[in-house]
Amino acid sequence: METQTLAQLFKTYFNANPEFIVRAPGRVNLIGEHTDYNDGFVLPMAIDRAVWIALSPRTDSQIRIRSLDLETDAAFDLHSLTKGEGWAEYPKGVAYELQKAGHVLKGFDAVMTGDVPSGAGLSSSAAVELATARAFATICNITWDAAQMAKLSQKAENEWVGVNCGIMDQMASAASKEGYALFLDCRTLEYQHAPLPKNISVVILDTSTRRGLVDSAYNERRSQCEEAARWFGVKALRDVSVEDFERKTKEESGLSEIATRRARHIVTENARVLEAVEVMKAGNVKRLGELFNASHISLRDDFEVTNEALNQIVECAQEQPGCYGARMTGAGFGGCAVALVQEEKAEEFTHAVSAAYRQRSGLDASVYVCKASEGASIIKE
Ligand code: GLA
């Protein structure tokens, strides 16, 4: 949304101009799926879809936020936060964690809007959390430390909202840089901005199916990974190399067949992320595409987090001219896939994939080229 339009809408509600506008993006994960909660490596990028908050500080501890998209209001007091239901739990959870960490917060009046589709695997909730954190940081003079803000936001989601996610989404929304992917070590939270190869487009393929029962399946994967880590005698599967994996699973018994496959996905996926960063630097897009394809197969067969629609859209993508590779992205069980496409073929690709997918699945996909955008930032002071 244009900042002017947003400022105008703020004025309609609060009879004054907003003092600030902040923005935090959604993300697409290029590669490194389900590795974050195994202390592993990920390579997401922030996308040009985001959450915007226009706000002005108040002199008391009241928070008032108008959601322009849902056409509802949230109001709460920073000194007496209580759990409720709905979208306001995200800003509330962030306020709670910031205060718990010792920050002194001020109230604000705000309008909020966004264009990250929800439930699609593009981290709309992380975008709301980081936009809120950015809003508080701006008016309360909190130094913007991306990793610290991401950790607090993740805690808000884990403990206040009750979703057991890893750190990838919040870090991508907090720390990304325009034009770059974010190569992140989820154990140390050290990151590098990795330049995207030239002449390629990153295309998001939304299957239009939404994940159901994702929490229980996600938590089940987490415990299977923990079971495997215990068997390997390590803190997390990040500490197992592909060679360790092959040797130990050949020589010793005792790890269930399912946990073995789950571990194989994590161990090989971490290796793929490290290789992806290298081949990106070398401009080897062909190999990067192969890594995408291999990641999808591993998520489909070993980690079992795809659904029929994701498998179909990925196949449709891989068959198109100019496509280097494609894979599901995010938690899985529905939502989006991501494809790496030759730039001059991208436009044609979006139409061809939509048509092929409609024919194969009977469903309408949303397919769009996305740009690597900047992480959470102040866009108007
Ligand atoms: C969700 C979680 C992330 C990550 C991905 C899978 O998006 O929020 O932390 O685990 O699934 O890679």
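Colleague: What is the relative accessible area of C140?
Modeller: The model is predicted, so local features need pLDDT of at least 70 and side-chain atom pairs count only at pLDDT 80 or more, while totals for chains, interfaces and linings use all residues. Residues are numbered from 1 along each chain as its sequence is written, and side-chain values use heavy atoms, without hydrogens and water. C140 is buried (under 20% relative accessible area; exposed is over 50%, partly exposed in between; 1.4 Å probe, protein chains only). Its relative accessible area is 14%.

Colleague: Which cysteine sulfur is nearest to that of C186?
Modeller: C186 counts as buried, at 8% relative accessibility. The whole structure has zero disulfides (pairs of cysteine sulfur atoms within 2.5 Å). For C186, the nearest cysteine sulfur lies 11 Å away and belongs to C165.

Colleague: Which residues lie nearest the centre of the largest pocket?
Modeller: A pocket is an open set of points on a 1 Å grid where a 1.4 Å probe fits, with protein on both sides within 12 Å along at least five of seven lines; lining residues have an atom within 4 Å of a point. The largest pocket has a volume (space filled by probe spheres on points joined across faces, edges and corners) of about 970 Å³. Of its 43 lining residues, those nearest the centre are G119, S123, S124, S125 and R211.

Colleague: What volume does the second largest pocket have?
Modeller: The second largest pocket is lined by 19 residues. Closest to its centre are L196, I200, C370, K371 and A372. The space in this pocket is about 340 Å³.
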